Amino acid sequence: LRKGARALRWSFSFISSEQAIIILKLVLYVLAILVVNHYIACAFYALSSARVDFMHSYDPDHQCTWLSRVDLEDASIPHQYLAGLHWSLTQFTPATNNIVPCNIEERLFACCVVIFA
């Protein structure tokens, strides 16, 4: 990260237009938000996936997760990931979403995301 930051500062020294620097910084901020949202989406998916695996061996009839609530359990991994990413992005913006936590672990995770977003 330090090398990347140093390389960015070095590249900013070659840009003479203040507008170009502002636009580049804005693009970098958006990319940083997308990276954070990627990790949050992966963690939200992992919570649901781990619960399904655990609960299936313990109680096959009690598998309430956000994936099951929106009927995405049998969807492709990219579809599930994009649904998780959509949920994550809506936690950072005043947008609506039909994906909601379905169990205590998902709700606790969602609360932490909202607090730190």
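These are legends for a handful of close-up views of a predicted model.

**View 1. The whole chain, an all-helix run in a predicted model.** Start with the overall layout: the protein chain has 5 helices and 0 strands, so reading from the N terminus on gives α-α-α-α-α. Buried residues account for 24% of the 117 residues. If you're thinking about contact order, here's one for you: take contacts between residues at least 6 apart in sequence, and 50% of them join residues at least 24 apart.

**View 2. How confident the predictor is, element by element.** The average pLDDT over the protein chain is 82, and 86% of the residues score at least 70. Which elements sit at the two ends of the ranking by mean pLDDT? Helix H1 (residues 2-12) has the lowest value, 72, while helix H4 (residues 77-92) has the highest, 92.

**View 3. Helix H5, its span and its buried face.** Helix H5 covers residues 104-116, which is 13 residues. From first C-alpha to last it reaches 18 Å, close to the 18 Å expected at 1.5 Å a residue. Glu106, Ala110 and Val113 are the buried residues here. Look down the axis of H5 and those buried residues fall within an arc of 60°, so they line one face of the helix. Turned away from that buried side is a face with the exposed residues Ile104, Leu108, Ile115 and Phe116.

**View 4. The start of H5, with Asn103 in the frame.** Here a side-chain oxygen of Asn103 comes to within 3.2 Å of the backbone nitrogen of Glu105. It's a side-chain-to-backbone pairing, right at the start of H5.

**View 5. Ile115, out on the exposed face of H5.** Ile115 belongs to helix H5. Is this residue buried or exposed? Ile115 counts as exposed because its relative accessibility is 63%, and the cut-off for that label is over 50%. For a distance to check in your viewer, try the C-alpha atoms of Ile115 and Gln91: they are separated by 9.6 Å, with the two positions 24 residues apart along the chain.

**View 6. Glu106, a buried acid in H5 and its neighbours.** Glu106 is found in helix H5, and with a relative accessible area of 0% it is buried. What does Glu106 touch, once residues up to four places away in sequence are left out? The list is Phe44, Leu47, Ser48, Thr65, Trp66 and Pro101. Ser48 turns up again in the next view, where Glu106 is among its contacts.

**View 7. Ser48 in H2 and its polar contact with Thr65.** Ser48 lies in helix H2. Like Glu106, Ser48 is buried, with a relative accessible area of 0%. The side chains of Ser48 and Thr65 are joined by a polar contact of 3.0 Å. Setting aside neighbours within four places in sequence, Ser48 is in contact with Thr65, Trp66, Leu67 and Glu106.

**View 8. The Cys64–Cys102 disulfide.** The count comes to 1 disulfide, and it joins Cys64 to Cys102 with an S to S distance of 1.4 Å. The pair links distant parts of the chain, 38 residues apart: Cys64 sits in the loop between helix H2 (18-58) and H3, and Cys102 in the loop between H4 and H5. How accessible are the two partners? Cys64 is partly exposed at 28% relative accessibility, whereas Cys102 is buried, with a relative accessible area of 15%.

**View 9. Cysteines beyond the bonded pair, Cys42 and Cys112.** Cys42 is partly exposed, with a relative accessible area of 31%. Cys112 is in no disulfide, and the nearest cysteine sulfur, that of Cys111, is 6.9 Å away. Cys112 is partly exposed too, with a relative accessible area of 35%.

**View 10. Asp71, a positive phi in a loop.** Asp71 sits in the loop between helix H3 (66-69) and H4. What's worth a look in its backbone? Its phi is positive, about 55°, although Asp71 is not a glycine. Most residues other than glycine have a negative phi. At 67% relative accessibility, Asp71 counts as exposed.

Conventions. Residues are numbered from 1 along each chain as its sequence is written. This is a predicted model: local features need pLDDT of at least 70, side-chain atom pairs count only at pLDDT 80 or more; totals for chains, interfaces and linings use all residues. Side-chain values use heavy atoms; hydrogens and water are left out. pLDDT is the predictor's confidence in each residue, from 0 to 100. Helices (H or I, at least four residues) and strands (E, at least two) are DSSP runs, numbered from the N terminus. The expected span of a helix is 1.5 Å times one less than its number of residues. Buried means under 20% relative accessible area, exposed over 50%, partly exposed in between (1.4 Å probe, protein chains only). The arc is that of the directions from the helix axis to the C-beta atoms. A polar contact is a pair of N or O atoms within 3.5 Å; within protein, one must be able to donate a hydrogen and the other to accept it, and residues adjacent in sequence count only if both atoms are side-chain atoms. A disulfide is a pair of cysteine sulfur atoms within 2.5 Å. Contact means heavy atoms within 4.5 Å.
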